[in-house]
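Here is a short tour of one protein model, written for someone who would rather look at residues than read about software. Keep the viewer open as you go.

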Amino acid sequence: MHALRMYINGEWRESQNKETRDIYNPATGEVIAQAAEGTIEDVKEAIQIAKSTFESGIWSQTPPAERAAYLFKIAEKMEERAKELAELETLDNGKPLREASFDVADAAACFRYYAGLITKPNGETYPVSDPVQGIVVREPVGVCGLIVPWNYPLLLSVWKLAPALAAGNSVVYKPSEVTPITPTRLFEIFEEVGLPKGVANMVMGSGVVVGNAIAESEDVDLVSFTGGTKTGKQIMKVAADSLKKLSLELGGKSPNIVFADADFETAVDYALFGIYAGAGQICAAGSRILVEEGIYEKFVSRFVERANQIKVGPGNDQEVEMGPLVSKEHLERVLSYIEIGKNEGARLVCGGKRIEKEGLQDGYFVEPTVFVDANLSMRIVQEEIFGPVVVIEKFKDEKEAIALANGTQYGLAGAVFTKDGAKALRVVKQLRAGITWINTFHNTYNEAPWGGYKQSGFGRALGTYGLETFQEIKQINVNL
Ligand code: NAD
């Protein structure tokens with residue numbers, strides 16, 4: 001059993017009221033750890049530590065190359081501990097070990113990417129009237145509150161921690177209360193590499209207490225949040241009083257458009273991967289498949305045949321292709337959406353139930369599920385289910401495909417499958433989404449900006465954009 005503590009000012013601490021929260025293995029329902037349950041006082045203290053550390057300049061004014069050296073060491077340590085980190089991610093989140101191993105490798109690469117980027121020349125000069133010379137420089141924002149969800153406990157944390165630290169900020173980070181295990185290991189690595197005390201602080205606990213206190217604090221300059229759209233709106237309201245800078249990576253209901261001229265088996269492969277990777281608990285999941293009418297029946301039948309063959313089980317079984325949902329609460333939420341779909345008249349053609357066979361009955365497993373005969377007015381088409389539930393819809397032409405694809409409040413991602421390159425570009429350009437793919441799905445690169453349109457949020461993670469999120473821009477006018 002792991003006892004997980006918070007990390008404030010370089011010290012491992014219990015919560016001030018000594019409360020803890022049970023952490024579960026989603027494949028078995030067993031308690032695997034107990035995590036400190038942070039209080040408002042813990043958050044306040046962490047914020048004050050982060051603030052005084054920032055103001056001391058011990059990190060914020062360290063030359064970028066020195067900060068980069070710490071980030072490179074963190075990446076190295078993550079790679080040394082890659083096997084352990086992946087196993088712990090699978091234990092806590094449930095995802096197959098293969099997926100968890102990719103996450104760990106990507107997370108280490110993300111630290112290296114920002115370590116490299118922060119040492120590259122940046123800023124501008126601008127010509128103004130003589131003798132004044134204008135210079136633009138970038139500076140850290142200050143104290144950054146980083147709040148993350150449970151679907152990529154390690155990787156999404158690193159998407160924020162790596163650029164925030166590279167830029168010279170101090171941080172107060174909150175993991176999801178459901179998955180604090182690998183974040184704790186990451187902070188142990190911060191300690192091992194000797195990151196100066198007070199630069200990176202971790203407070204565990206609930207969203208409504210710890211998360212809200214971070215969003216509310218006058219002393220937090222920026223909040224970078226990844227999670228649900230409803231929570232994002234709540235954070236925006238609370239953060240408004242102190243006019244905090246915000247970056248919000250929120251939910252999605254991403255369309256995957258398959259034209260009749262697509263390579264059929266490739267489209268089926270990626271459509272399956274698009275929705276069932278991570279058991280559908282991926283913000284960019286291809287949870288709506290739009291198929292051109294000429295191949296619709298054939299596509300549904302092949303997709304269902306393949307979905308039924310997916311091996312579902314505990315993530316630590318090497319043969320397993322899809323793990324459990326992350327928690328009992330989330331399992332109930334996903335099952336309730338399946339009932340909603342049936343009640344609103346969509347036709348269930350695959351799955352639809354919790355898996356209760358011997359060995360899996362105590363875990364939170366759901367069958368790969370497919371609905372057809374759905375339309376834009378249905379909740380299962382409009383709302384993010386965040387589970388292995390897909391809706392396959394039919395369209396007759398390009399225009400209708402685009403209208404359907406853009407027909408929800410979300411705008412995170414979208415994909416197009418066709419052999420016609422011109423059509424592919426024409427269609428993705430009309431998708432109101434920040435992340436698009438042509439004849440592929442789920443590719444994510446440290447170099448490329450990640451984020452959504454519409455109610456999928458604003459601001460971008462990764463790439464140079466992800467660093468700029470954590471930087472202020474200053475003009476300096478010099479009269480020599
Ligand atoms: P969530 O919104 O419930 O929680 C996310 C985090 O916010 C958690 O740490 C939680 O404790 C905290 N939180 C909850 N209420 C809060 C409040 N009132 N104030 C401050 N913090 C609060 O989301 P979740 O269920 O953990 O994750 C699933 C959601 O995350 C899905 O909607 C998914 O689409 C989204 N997501 C988006 C992206 C993206 O890049 N756009 C990536 C992954 C997940």
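Val 208 is exposed, because just 10 other C-beta atoms lie within 10 Å of its own, and a residue counts as exposed at 12 or fewer. This model is predicted, so please read every value below as computed. You will find Val 208 in helix α7, which covers residues 207-216. Ser 327 makes a handy partner for checking distances: Val 208 and Ser 327 are 119 residues apart in sequence and 18 Å apart in space, C-alpha to C-alpha.

Two lysines are also worth a click. Lys 18 sits in the loop that links β3 (11-13) to β4 (20-24), and Lys 18 is exposed, with 9 other C-beta atoms within 10 Å. Lys 237 belongs to helix α8 (residues 229-240) and counts as exposed too, with 10 C-beta neighbours inside 10 Å. The table puts the three residues beside their partners.

| Pair | Apart in sequence | C-alpha to C-alpha |
|---|---|---|
| Lys 18 and Glu 329 | 311 residues | 25 Å |
| Val 208 and Ser 327 | 119 residues | 18 Å |
| Lys 237 and Glu 216 | 21 residues | 9.2 Å |

Now for the interior. The largest nonpolar core has 153 residues, and those with the most contacts inside it are Leu 71, Tyr 114, Ala 166 and Val 258. Helix α4 gives the most to this core, with twelve residues.

How do α4 and α5 cross? The axes of α4 (residues 97-118) and α5 (residues 155-166) come within 9 Å and cross at roughly 15 degrees. That angle is why α4 counts as roughly parallel to α5. The crossing is right-handed. On the α4 side the contact includes Phe 111, Tyr 114, Ala 115, Leu 117 and Ile 118, while α5 brings Leu 155, Val 158, Trp 159, Ala 162, Pro 163 and Ala 166. By class, this contact of α4 with α5 has 13 nonpolar, no polar and two charged residues.

Ala 166 deserves a second look. Setting aside neighbours within four places in sequence, Ala 166 is in contact with Arg 67, Ala 68, Leu 71, Tyr 114, Ala 115, Leu 117, Ile 118 and Leu 467. Among these partners are Leu 71 and Tyr 114, which are also listed with Ala 166 for the most contacts inside the core.

A second helix pair makes a useful comparison. The axes of α9 (residues 264-276) and α10 (residues 296-309) come within 10 Å and cross at roughly 55 degrees, so α9 is oblique to α10. This crossing is right-handed as well. Val 268, Ala 271 and Leu 272 of α9 meet Phe 299, Arg 302, Phe 303, Arg 306 and Ala 307 of α10. Sorted by class, the contact of α9 with α10 holds six nonpolar, no polar and two charged residues.

Finally, some backbone details. The peptide bond from Asp 130 to Pro 131 is cis, with omega near 5 degrees, and Pro 131 lies in the loop between β6 (124-127) and β7 (132-140). Asn 439 has a positive phi, near 55 degrees, although it is not a glycine. Asn 439 is placed in the loop between β20 (435-438) and β21 (453-454). Lys 454, another residue other than glycine with a positive phi, has a value near 50 degrees and lies in strand β21. With 18 C-beta neighbours inside 10 Å, Lys 454 counts as partly exposed, and Asn 439 is partly exposed with 16.

Methods:
Residues numbered from 1 in each chain as written. Predicted model: local features only at pLDDT ≥ 70, side-chain atom pairs only at ≥ 80, totals over all residues. Axes fitted to C-alpha atoms, helices over the stretch in contact; angles between N-to-C directions. Helix = DSSP H or I, 4+ residues; strand = E, 2+ residues; numbered from the N terminus. Parallel < 35°, antiparallel > 145°, perpendicular 65-115°, else oblique. Left-handed = near helix turned anticlockwise from the far one by under 90°. Contact = placed C-beta atoms within 7 Å. Nonpolar A, V, L, I, M, F, W, Y, C, P; charged D, E, K, R; others polar. Core = buried A, V, L, I, M, F, W, Y, C linked by C-beta atoms within 7 Å. Buried ≥ 20, exposed ≤ 12 C-beta atoms within 10 Å, placed from the backbone.
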